[in-house]
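User: I should like to go through the assignments in this model one by one and see the criterion behind each. Please set the value against the cut-off in every case.

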Amino acid sequence: MEITRTQFHGLIQVQWEAREKEKDTKYLVDQWNTKISAKFGELARSINDNSADSMLLQDIVILADLLRSWYWVIGKEDFFHATEKEREFQDARWGQQEHSRRKWFMIAAEEAGEIAEAIENTKEGSEYPTEKITEEIIQLSAVLEAWVTSHDWFYE
């Protein structure tokens, strides 16, 4: 099963529209971190439980949607454009990546750790993330996209 970048963006858009009905996007930095960390934990369980590919994909899409939502709240440039630029940078640096789901998860976890580190350096109670946090959001988003769009991303 291969998924294109356009298909992945479409899946994120569907998730966005479903969640948008909540109209609750005014979270503090720490609240965004909690939501993203919880979803990242679910992604880890999907990997460890060797869940079906569809469940893993769903967890990645929801995580990507949360990252997009957080990025959107601060009124940055188009999320998909920023992610595309970061993907181009990553592809130029690392080339086409083909990894197992566990390896992809470890790469994503490293990026999530950088978000956490940036949050640690942010004033408590901040409503808006710093430039460093937004940079890390885009880097993690690009890794998730590379994971999903890589050939046979679900193999072990």
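Analyst: A salt bridge is counted when a side-chain nitrogen of Lys or Arg lies within 4 Å of a carboxyl oxygen of Asp or Glu. In this predicted model, the structure holds seven salt bridges.

User: What makes Glu42 and Lys39 a salt bridge?

Analyst: Their closest N and O atoms are 2.4 Å apart. The cut-off is 4 Å, so the pair qualifies. Glu42 and Lys39 are three residues apart in helix H2, and therefore about one helical turn separates them.

User: Why is Lys39 called buried, and why is Glu42 called partly exposed?

Analyst: Buried requires a relative accessible area under 20%, and exposed requires over 50%. Lys39 has 9%, so it counts as buried. Glu42 has 31%, which falls in between, so it is partly exposed.

User: Which salt bridge does Lys39 form with a residue of another helix, and what is the N to O distance?

Analyst: Lys39 forms a salt bridge with Asp59, with the closest N and O atoms 3.5 Å apart. This pair links distant parts of the chain, since Lys39 belongs to helix H2 and Asp59 to helix H3 (residues 53-73), 20 residues apart. Both Lys39 and Asp59 are buried. Lys39, Glu42 and Asp59 are linked in a network of salt bridges.

User: What makes the pair of Glu145 and Arg87 a salt bridge, and which helices hold the two residues?

Analyst: The N to O distance between their side chains is 3.1 Å, and the limit is 4 Å, so the pair is a salt bridge. Glu145 lies in helix H6 (residues 131-149) and Arg87 in helix H4, so the contact ties together parts that are 58 residues apart in sequence. Glu145 and Arg87 are both buried.

User: How do you know that the length of helix H2 agrees with its number of residues?

Analyst: H2 has 20 residues (29-48), and at 1.5 Å a residue these should span 28 Å. The end C-alpha atoms are 28 Å apart, which agrees.

User: Which residues of H2 are buried, and how do you know on which side they lie?

Analyst: The buried residues of H2 are Val29, Trp32, Ile36, Lys39, Phe40, Leu43, Ala44, Ser46 and Ile47. They cover an arc of only 155° around the axis, so they lie on the same side of H2. Thr34 and Asn48, on the other side of H2, are exposed. Just after H2, Asn50 takes a positive phi of about 55°.

User: Why is Ser69 called buried, and how far is its C-alpha atom from that of Trp32?

Analyst: Ser69, in helix H3, has a relative accessible area of 1%; the limit is 20%, so Ser69 is buried. The C-alpha atoms of Ser69 and Trp32 are separated by 9.4 Å, although the two residues are 37 residues apart along the chain.

User: Why is His99 called buried, and what makes its pairing with Gln97 a polar contact?

Analyst: His99 is found in the loop between helix H4 (79-94) and helix H5 (101-120). Its relative accessibility is 14%, under the 20% limit, so His99 counts as buried. The side chains of His99 and Gln97 are joined at 2.7 Å, and the distance limit for a polar contact is 3.5 Å, so the distance criterion is met.

User: Which residues touch the most other members of the largest nonpolar core, and which helix supplies the largest share?

Analyst: Among its 39 residues, Phe8, Leu43, Ile60, Leu67, Trp70, Leu144 and Trp147 touch the most other members. Helices H1 (5-20), H2, H3, H4, H5 and H6 each supply at least two residues of this core, and the largest share, 11 residues, comes from H3.

Conventions
Residues are numbered from 1 along each chain as its sequence is written. This is a predicted model: local features need pLDDT of at least 70, side-chain atom pairs count only at pLDDT 80 or more; totals for chains, interfaces and linings use all residues. Side-chain values use heavy atoms; hydrogens and water are left out. Helices (H or I, at least four residues) and strands (E, at least two) are DSSP runs, numbered from the N terminus. The expected span of a helix is 1.5 Å times one less than its number of residues. Buried means under 20% relative accessible area, exposed over 50%, partly exposed in between (1.4 Å probe, protein chains only). The arc is that of the directions from the helix axis to the C-beta atoms. A polar contact is a pair of N or O atoms within 3.5 Å; within protein, one must be able to donate a hydrogen and the other to accept it, and residues adjacent in sequence count only if both atoms are side-chain atoms. A nonpolar core is a set of buried Ala, Val, Leu, Ile, Met, Phe, Trp, Tyr and Cys residues joined through side-chain atoms within 4.5 Å.
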